[in-house]
Amino acid sequence: MIFYFSGTGNTRWAAERLAQETGERLFFIPDEVKKGKCEYELQEGERLGFCFPVHGWQPPHIVREFICTSKFNMLNSNFIYALLTCGDSIGQTMEMLDKELRKKGMHLDSTFSLIMPESYVCLPFMYTDTPQREKEKISKANEDLGRYIEMIKERIVGEVHTQRGLTPWTFSHVIGAYFNARMITDKKFTVDTDLCIHCGKCEKACPTGDLVMKDDKPIWQHNGSCTNCLACYHHCPRHAINYGSITRTRGQYYFGHSE
């Protein structure tokens, strides 16, 4: 089983390739969360993988919610791993994930992370990568993922291939704590009605269903489901969606946008 969350497509690409090459079943976490409390029965020797992007050097709240409300019936032969995507570093996200899993009687056997093109642009120092840097990151991630998949297929325990950064505790527990407590909100999203062409791509891109088209314009629900993944912003073909005022001059990115 592979459970994944993805906003702009980086993690979806990795999770789909994992599922294809390992033969494991693939589940989209937002779809599972909508079902309510779920129970999963793992087969003998089956792997259990968690794949998601790092949000503010922590696991996205939807991933934590999913783990908290789900039951996993495990066997001793099951291999548990996590593969995270990030723009540069993950801080102590793996440790935080492992802590959540241990509450359910599980623990990570091996951990991996992939540096992917940057998509978070809501802070003064955060920008999308140049086209050249995008290509370089995806090429390197493709190579790394190939190596990680072989380790996962062989169920090798104790593999740690992550980019934690220079001060992982500070990023996850100080900066990340503030970020996830104060900046994960849909209340700052706006739409420029003069630019909006009512195409609905933003609604289709939203992984949690927080955004809906009403009267031919995007409406955010303000119900706590937003993960601030910025999928709506990045998929808008007219750059009509913005987060506050800072993103009006920032770039857009989603996996495969240049193909």
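## Helix α6 and a greasy patch

Helices here are DSSP runs of at least four residues, numbered from the N terminus. By that count, Ile175 sits in helix α6, which covers residues 168-182. Keep in mind that you're looking at a predicted model.

Ile175 teams up with Trp169 and Val174 to make a nonpolar surface patch of about 290 Å². With a relative accessible area of 38%, Ile175 counts as partly exposed, because that class runs between the 20% and 50% cut-offs.

## Helix α4, mostly under cover

Now for helix α4, residues 93-102. Seven of its ten residues are buried, so this helix is mostly covered. The buried set is made up of Thr93, Met94, Met96, Leu97, Asp98, Glu100 and Leu101.

What do the buried residues of α4 pack against? On the strand side, the partners are β4 (47-53), β6 (79-86) and β7 (110-115). On the helix side, they are α3 (61-69) and α6, the helix that also holds Ile175.

One of those buried residues, Glu100, has a relative accessible area of 16%. Its side chain meets that of Lys103 in a salt bridge, at 3.6 Å from N to O. The two ends of this pair sit in quite different settings: Glu100 is buried, while Lys103 counts as exposed at 59% relative accessibility.

## Ile62 in helix α3

Helix α3, one of the elements packed against by α4, is home to Ile62. Ile62 has a relative accessible area of 6%, and is therefore buried, as the cut-off is 20%.

Who touches Ile62, once neighbours within four places in sequence are set aside? The contacts are Phe5, Ile29, Pro30, Val33, Thr208 and Thr227. Cys199 is another matter: Ile62 and Cys199 are 137 residues apart in sequence and 27 Å apart in space, C-alpha to C-alpha.

## Salt bridges

Side chains of opposite charge can pair when their charged atoms come close. The structure holds twelve salt bridges, and a few are worth a look.

Take Glu24 and Arg47, whose closest N and O atoms are 2.6 Å apart. This pair links distant parts of the chain: Glu24 is in the loop between α1 and β2 (26-28), and Arg47 is in strand β4, 23 residues apart. Are these two residues buried or exposed? Both Glu24 and Arg47 are buried.

Then there's Lys153 with Glu150, a salt bridge with its closest N and O atoms 3.7 Å apart. Both belong to helix α5 (residues 131-153), and because they are three residues apart, about one helical turn separates them. An α-helix has 3.6 residues a turn, so residues three or four places apart point the same way. Lys153 is partly exposed, with a relative accessible area of 28%, and Glu150 counts as partly exposed at 40%. Elsewhere, Lys140, Asp144 and Arg147 are linked in a network of salt bridges.

## Cavities

How many cavities of 30 Å³ or more does the structure hold? There are three. Rolling a probe the size of a water molecule over the atoms shows where empty space is left.

The largest cavity holds about 460 Å³ of space. Its lining comes from 29 residues, and those nearest its centre are Val54, His55, Glu118, Ser119 and Tyr120. The elements that give two or more residues to this lining are α1 (10-22) and β6. Strand β6 has come up already, as one of the elements that the buried residues of α4 pack against.

## Two positive phi values in one loop

Most residues other than glycine have a negative phi, and most peptide bonds are trans. Two residues here are worth checking against that background.

Asn228 has a positive phi of about 60°, although it is not a glycine. Its place is in the loop between β11 (217-220) and α8 (231-235). Leu230 is in the loop between β11 and α8 as well, and its phi is near 70°, again a positive value in a residue other than glycine.

Where do their side chains stand on accessibility? Asn228 counts as buried at 3% relative accessibility. Leu230 is buried too, with a relative accessible area of 2%.

Notes
Residues numbered from 1 in each chain as written. Predicted model: local features only at pLDDT ≥ 70, side-chain atom pairs only at ≥ 80, totals over all residues. Heavy atoms only, no water. Patch = residues over 30% accessible without salt bridge, like charges linked within 9 Å, V, L, I, M, F, W, Y side chains within 5 Å. Areas by Shrake-Rupley, 256 points an atom, 1.4 Å probe, with all protein chains shown as cover. Salt bridge = Lys/Arg side-chain N within 4 Å of Asp/Glu carboxyl O. Buried < 20%, exposed > 50% of the residue type's maximum accessible area, 1.4 Å probe, protein only. Contact = heavy atoms within 4.5 Å. 1 Å grid on protein atoms, 1.4 Å probe; cavity = no way out; pocket = protein on both sides within 12 Å on 5 of 7 lines; lining within 4 Å. Points joined across faces, edges and corners; volume = space filled by probe spheres on them.
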